[in-house]
Amino acid sequence: MTYQNYSLKQLQEIDAAHHLHPFTDHKDLRDAGSRMITRAEGPFVYDSEGKQILDGMAGLWCVNVGYGRNELAEAAYAQMKELPYYNSFFKCTTPTPVLLARKLAEIAPANMNQVFYGSSGSEANDTALRLVRHYWALEGKPQKNRIISRNWAYHGSTITGTSLGGMSAMHGQLNGAVPNIVHVMPPYAFELANPGESDHDFGVRAAKAVEDAILEAGADNVAAFIGEPVMGAGGVKIAPDSYWPEIQRICRKHDVLLMLDEVITGYGRTGEWFAAQTLGIEADTITTAKALTSGYQPLSALLVGDRIASTLVEKGGEFYHGYTYSGHPVACAVALANLDIIEKEGLIDRVRDETGPYLARALAERLAGHGIVGEVRSIGLMAAIEIVKDKASRERFENGGLAAATVRDHAIAGGMMMRAVGDTMILSPPLIWTKETIDMACERIGKALDLAERDLRK
Ligand SMILES: *Cc1c(COP(=O)(O)O)cnc(C)c1O
C-alpha cells in the first residue's frame, strides 16, 4: 500500500470526491473533512497525524480482542493461500465454516445447534426474518407472520434491518417498510418510567406493551418478537431485571418465537458468550456478527434453535435463501482464531468478574456525580452516560443531541473515542481493557465533561 505517499489533505480531497460514507451528512463532511485512522495497536487507534486515541467503541462495537493480533492475520493468510474462496451452495462446503459451526453450537445456549452464515448483521437479520416466516409456513400457519419490535431498536440498515429496527429517522427515509412489523415502547426507564414507578414495575409495564401488541394482532398472526438484549446503537438502553423474564413468559404463553439480536452483545460483551446466558433466557434465533471475528473480517452467524431447525429438516423442501459469501472460508478461519483468543485469554471471565464490575464502580464513583450527568449505567463492558442540564429534574439541554456531541468532540480531542446517541454518551470498549485502561478512560471522559459543561453553560 502506498497511501503514505499522500498527504492528509490529498486523501481528504479524494475522499470527498469519490467516497460516500455510511450514516453521514455529506455536506457536513465536505466542510469538516474526514478523520483518517491509519493504524491501531492494542486498545489504541492512531490517526494520520500520529495522534493516539483510546478506542472506547472497539471500532464499531466489534474489535473485542483489540488491535494488532498477528494470530488473526496469520489465520487469514494461511486460509487465503490454501483456499481463498469456495461456496456452500449445491451440497458443497469448505472445512472452516463446518468447524466454526460446531464451535458456535458448543458455546451457544444448549438449544442452539445450527448456524446460517452471512457477511453482516443486516444480512443475518434478513435471514432471521425469512427463516422465521418460512418456519411458520412449514408449520401450516403462513398468516402467523407479524413481528413485534421496539422503538429505538437497531437491527441493521438494509430495508429489512431498517424495517425491523425502530429508528424514526431511518424509517422516515424508507418510503415503504417490510410489511407486518410493529414497534412498541423500549424498556428505557430513564426517559419512560413514570415518576415514582419502580424499575421492576417499569420493566413489567414495558414487557406488557409487547403482550398488548400480540393481543391486538391476535397471537395466531404473530410470528415472533425481536429485540437486542441491550439496545446498543439506540443508546445502551439496559432493561430492568424484570423485563426479559416477562418477555420470555409472554412469548411462550402466546407461542410467539423469540428472536434475539446479539450483534453487539454476542461474544463476551456482557460477561458471558451471549447475553441470553447473562439474562437466563432461551431464544429461537440469535443474530450475531461484529465480534465474531473482532471485525478483522466481515462475517455473521445466525444461530438457529432446535425448534426451527428440526422443522426445516423434517419437513424438507429448499429454503430459497443464501449469500455468495455464506460461510466464507477466510472469514470463518479468522472467527475460529478469534474465539480461540477470547477463550485462551479468559476475556469473558475477566469482563464478568473483574473489568465489568470495575467499570460500573468507576462510572458510579467518578462520573455519576458530575454536574451534567443524569445517570450512568453499564452491563459488562457496555455503558451509557446520560447528559442533562439539570440533574434533579433530568431536563435536557436545548438543541437535542448538541450536548452529547459537545462532550464527544472534547473526548476525541482529548484522546478518547466514544459515541453520542441523542444526548446519551456510550462506551463499548475492547474486552482487553484492564482496570488501568478503565482509569485512563474515566479520567479522559471526566475532562471532556468538564470542558463540555463550561461550553454548554456559557
Ligand atoms: C450493527 C448491528 C446490526 C447490523 O450489522 P451490520 O453488520 O452493520 O449490517 C444489527 N443489529 C445490531 C444490534 C447491531 O448493533
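## A buried pair of rings

At 4% relative accessibility, Tyr135 falls in the buried class, and in this predicted model Trp136 is likewise buried, with a relative accessible area of 2%. Both values lie below the cut-off, since buried means under 20% relative accessible area.

## A pair across the chain

By the rule applied here, the structure holds eight aromatic pairs. One of them joins Tyr85 and Tyr325, whose ring centres are 5.8 Å apart and whose planes stand at 90°, an arrangement classed as edge-to-face. This pair links distant parts of the chain, with Tyr85 in the loop between helix 4 (70-82) and helix 5, and Tyr325 in the loop between helix 13 and helix 14 (329-344), 240 residues apart.

Both partners are partly exposed, Tyr85 with a relative accessible area of 28% and Tyr325 with one of 46%. As for the two buried residues introduced above, the rings of Tyr135 and Trp136 have centres 4.9 Å apart and planes at 70°, so this pair is also edge-to-face.

## A cluster and a charge over rings

Beyond these pairs, Phe225, Tyr243 and Trp244 together make up one aromatic cluster.

Aromatic rings also meet a charged side chain in this model, and the residue concerned is Lys237. Lys237 lies over the face of Trp152, at 4.3 Å from the ring centre, and the charged end of Lys237 also sits over the ring of Tyr188, 3.8 Å from the centre of that ring.

## The second largest pocket

The second largest pocket encloses about 1000 Å³ of space. Its lining is formed by 30 residues, and those that lie nearest its centre are Ser88, Phe89, Val115, Phe116 and His321. Sorted by character, the lining of this pocket divides into 17 nonpolar, 10 polar and three charged residues.

Several elements of secondary structure contribute to this lining, and helix 5 (95-107), strand 4 (112-118) and helix 13 (306-315) each supply at least two residues. The largest share, five residues, comes from strand 4. Helix 5 and helix 13 also help to locate the pair described earlier, as Tyr85 is in the loop between helix 4 and helix 5, while Tyr325 is in the loop between helix 13 and helix 14.

How values were computed. Residues are numbered from 1 along each chain as its sequence is written. This is a predicted model: local features need pLDDT of at least 70, side-chain atom pairs count only at pLDDT 80 or more; totals for chains, interfaces and linings use all residues. Side-chain values use heavy atoms; hydrogens and water are left out. On a 1 Å grid over the protein atoms alone, a cavity is a set of points where a 1.4 Å probe fits but cannot get out, and a pocket is an open set with protein on both sides within 12 Å along at least five of seven lines; lining residues have an atom within 4 Å of a point. Grid points are joined across faces, edges and corners, and a volume is the space filled by probe spheres set on the points. Helices (H or I, at least four residues) and strands (E, at least two) are DSSP runs, numbered from the N terminus. Ala, Val, Leu, Ile, Met, Phe, Trp, Tyr, Cys and Pro count as nonpolar, Asp, Glu, Lys and Arg as charged, and the others, Gly among them, as polar. Rings of Phe, Tyr and Trp (its six-membered ring) pair if their centres lie within 6.5 Å; planes under 30 degrees apart count as stacked, over 60 as edge-to-face and the rest as tilted. Buried means under 20% relative accessible area, exposed over 50%, partly exposed in between (1.4 Å probe, protein chains only). A charge sits over a ring if NZ of Lys or CZ of Arg is within 6 Å of the ring centre and within 35 degrees of the ring normal.
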